[in-house]
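Dear colleague,

Please find the structure below, together with its sequence. My notes on what was found in it follow.

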Amino acid sequence: MAHAGLDTAAVVAAAASLADEQGLEAVTLTAVAATLAVRPPSLYSHVSGLQDLRARVAELAAGELAAALTDAVSGRAAGDALRAAGRAHRAWALAHPGRHAALQFPRPRQHDAVASVVVPMVAVMRGYGLEGEDAIHAVRAVRAAIYGFVALEGGGGFGMPLDPGDSFERLLDLLDDGLQRLSRRS
């Protein structure tokens, strides 16, 4: 029996919020049902199980991050676009750590949703004159650097008394310098 006001979007939103507050591993059908004040079997009207629920959280997260990146890079090119995208990614990831974690290991069903995050980054690479495989390799490198930084920052991995924001800006400078060199070789 469906509960009034409970739909798939509400179930996924509750799971995403739980992931952000307590970590992705805390997202279980029992925990999500408890936050919605329903019994776990009620969720099966909206998701087919835990794997489906987590996949839907990743799809939601991909759409949110893709929108943030697209907005950030709009009207910008090369280093300006890279810095705007990096800052937007970092801000979104720090505000949504559980959703960000859900994006890192997509399942085949989520591929298109997660790939939407790549689209604005490929546009950034065009500003450096990088196309095709060169652009994809560059996007992977930038994604790895930003993800690694945010994972360390969010997990308390920067214990020295230096502002992580300053370190992040230096990371963006390094990425920009590397992409400029790469574009000169292409």
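**The nonpolar cores**

In this predicted model, the largest nonpolar core has 35 residues, and those touching the most other members are Met121, Val124, Met125, Val142 and Leu179. At least two residues of this core come from each of α3 (50-73), α4 (78-95), α7 (118-126), α8 (132-154) and α9 (164-185). Another core lies apart from it and has 19 residues, including Val11, Val12, Leu18 and Leu43. As background, nonpolar side chains in soluble globular proteins tend to be buried together.

Met125 may serve as an example from the largest core. Which residues is Met125 in contact with, leaving aside its neighbours within four places in sequence? They are Leu130, Ala135, Ala138, Val139, Val142 and Leu179.

**The protein as a whole**

The protein has nine helices and zero strands, so please expect to see α elements from the N terminus on. Its C-alpha trace spans about 60 × 40 × 25 Å along the principal axes. Among contacts between residues at least 6 apart in sequence, 66% join residues at least 24 apart.

**Burial, surface and charge**

Of the 186 residues, 41% count as buried. The protein exposes about 9800 Å², of which carbon and sulfur atoms supply 56%. There are 17 positive and 20 negative side chains, and the centres of these two sets lie 3 Å apart.

With kind regards

Key. Residues numbered from 1 in each chain as written. Predicted model: local features only at pLDDT ≥ 70, side-chain atom pairs only at ≥ 80, totals over all residues. Heavy atoms only, no water. Core = buried A, V, L, I, M, F, W, Y, C linked by side-chain atoms within 4.5 Å. Buried < 20%, exposed > 50% of the residue type's maximum accessible area, 1.4 Å probe, protein only. Helix = DSSP H or I, 4+ residues; strand = E, 2+ residues; numbered from the N terminus. Contact = heavy atoms within 4.5 Å. Areas by Shrake-Rupley, 256 points an atom, 1.4 Å probe, with all protein chains shown as cover. Lys, Arg positive; Asp, Glu negative; His and termini not counted. Charge placed at Lys NZ, Arg CZ, Asp CG, Glu CD.
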